[in-house]
Amino acid sequence: MIKPVKSWLLASSVAAMLAAPGMSQANAEVAALTQDNSSWATWGKDYAGTRYSPLTQINKDTAKNLQPKWTFSTGMLRGHEGGPLVVNGLIYIHTGFPHKVYALNQDTQSVVWEYNYAPDAGTDPQQVIGVMCCDVVNRGLAYGDGKVFLAQGDATLVALDAKTGKVVWKAKNGDTKQGMTNTNAPLVVKDKVFVGISGGEYGVRGFIAAYNIKNGSPAWKAYSTGPDAEMKINPEKTMTWTDGKMAPVGKDSSLKTWQGDQWKIGGGTTWGWYSYDPQLNLMYYGSGNPSTWNPVQRPGDNKWSMTIWARDVDTGEAKWVYQMTPHDEWDFDGINEMTLVDLPMKDANGNEHSKLLTHFDRNGFGYTLDRATGELLVAEKFDKAVNWASHVDMKSGRPQVQTQYSTQAGGEDHNSKGICPSAMGSKNEPPVTFSPKSKLIYIPGNHTCMDYEPFAVEYTAGQPYVGATLSIYPAKADVQTGQPTPDRLNMGSFTAWDPTTGKIAWAIDEPFSLWSGMVSTAGDIVIYGTLEGYLKIRDANNGAELYKFKTPSGVIGNVSTWEHKGKQYIGVLSGIGGWAGVGMAAGLEGESEGLGAVGAYKSLGAHTKLGGVFTVFALP
């Protein structure tokens, strides 16, 4: 039956670079900032997205003495994702839609300038809020060429003067009346700024777009689905993992895997994080779930949704693609970050690789690929509770689906139960961190399972196009072994993982899903926030808890750390919301509302309340 769906829902040297003219300086400036300990200039600290800092003042011995130093209220109640940028002495923080951006003076803890969102003519903010899935969150700012970039909820990319906050230019990136919004953090590379699109739950056709950094004019655009030319796929040169080796994707590789014109409303949106390898001149990102969530309505592999992409930053041409979850039946949205790691390893045939790409997908598998060639090297579960697939066949690269957890096998209006992970994934969007000291990746885990009932849904532009009802609950199984643990109700885990072997080094239970981007440092610590509102610091070698402090609200924001006048600081935004906190943020009460999140996280209200606050920590 067809059911209606409820709408839910770096110092002097850098200063010199700043003064230097020319397009190429934008990239040199950002590249230098990513190597400067007094800055945190991109979402991932560096282009590789390692979120690793060489700072050591706050370390495993001194962390116990950490203190909150100052706080700043953002004046907004709903979810605060993303994290602070620190550039040339100023701290830049932001809120969800309708957006505010603040530039803060570290010495006086005062506002240097603020940007307050104002709708353009013809834009209705309430209509925008109505089409933002899973709260009105925004995952962060970008910096480059003396500008701060914000991808607004109304699908407009805005460039603000970093010194004054004045709008330099705007670029329209999508139409909210078609369900398009922007929630991702942009990335500045060379003379371009990259931004994706959100709205897979509204049948939006995903794409990645490049804009010229000086004036916002379009540079190139590449879709996730459709004809080769519109995806910037070269059928003879774009490669993919096929029969144990890389081979050209061939002509119409996407069109052949959709029924009719369904690719036009097929999702594959790009609302996650983007990484960049300057030597290879490639950017990396993931495309999201195919639309609708009802798999019965869209037969085929639905390429290239749920895919890791490697594209030339100058031309946009795809060098290689790897689809993680063909014909997704569970909303295992493939947008999680790509972390670029340089470690030596050998593949199963004894061939050596060192330029690695790692990705922890919502489907519960951790992947390691050769980021130069796209070869699949590792695909292992990073949460052993995962049951929808037994393993990934390393020759075909395809997950081996367990029929009893297939939501298509039972057909429409059949409620498949006990599927692990839930649609929220074994990890959601908050980014991991990689420490070159420990050679481990630290994962903010989400340890939940679900019941999933697909139903028929009709596409109407700008209306929800979900087609499934979900119930989400604790996994009640051990992360490292998968063995049942009926009495353990934890919905989160802090997990350390070896990217060259695919083995879990160790894991520690957390009461609630971890929805905060992590940071590791040369001080042998890992720092993150929790949904209850704690900022936690753990020993990077064994996970021992070294420090925690209860911030004013739940933390779904990403941690940053930097140095200022000889002192190391840690900063994080708190403000409960996002998918896990959408019940509190949007005032939803039904158990299955918020796509199953409201019932699962209803006990959060006993631990924290709404309100955006930026908190800065340091040693005495």
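## Salt bridges in a predicted model

At 46% relative accessibility, Lys437 counts as partly exposed. Keep in mind, as you look at this chain, that the model is predicted. The partner of Lys437 is Asp524, and their side chains meet in a salt bridge with N and O 3.2 Å apart. In sequence the two residues sit 87 residues apart: Asp524 is in the loop between β34 (519-521) and β35 (525-529), while Lys437 is in the loop between β28 (433-435) and β29 (440-446). Is Asp524 buried or exposed? Its relative accessibility is 17%, so Asp524 counts as buried.

This pair belongs to a bigger set, as the structure holds 27 salt bridges. Here are three of them, with the distance between N and O.

| Acidic residue | Basic residue | N to O distance |
|---|---|---|
| Asp524 | Lys437 | 3.2 Å |
| Asp277 | Lys355 | 3.4 Å |
| Glu591 | Lys602 | 2.9 Å |

Now follow Asp277 and Lys355, which form a salt bridge. This pair also links distant parts of the chain, with Asp277 in strand β17 (residues 275-277) and Lys355 in strand β22 (residues 352-360), 78 residues apart. Asp277 has 1% relative accessibility and so counts as buried, whereas Lys355, at 25%, counts as partly exposed. Both residues take part in a network of salt bridges that also includes Asp342 and Arg371.

Finally, visit Glu591 and Lys602, another salt-bridged pair. Glu591 lies in the loop between α5 (582-586) and α6 (597-600), and Lys602 in the loop between α6 and β40 (613-618), so the pair ties together parts that are 11 residues apart in sequence. Glu591 counts as partly exposed at 48% relative accessibility, and Lys602 counts as exposed at 57%.

How values were computed
Residues numbered from 1 in each chain as written. Predicted model: local features only at pLDDT ≥ 70, side-chain atom pairs only at ≥ 80, totals over all residues. Heavy atoms only, no water. Salt bridge = Lys/Arg side-chain N within 4 Å of Asp/Glu carboxyl O. Helix = DSSP H or I, 4+ residues; strand = E, 2+ residues; numbered from the N terminus. Buried < 20%, exposed > 50% of the residue type's maximum accessible area, 1.4 Å probe, protein only.
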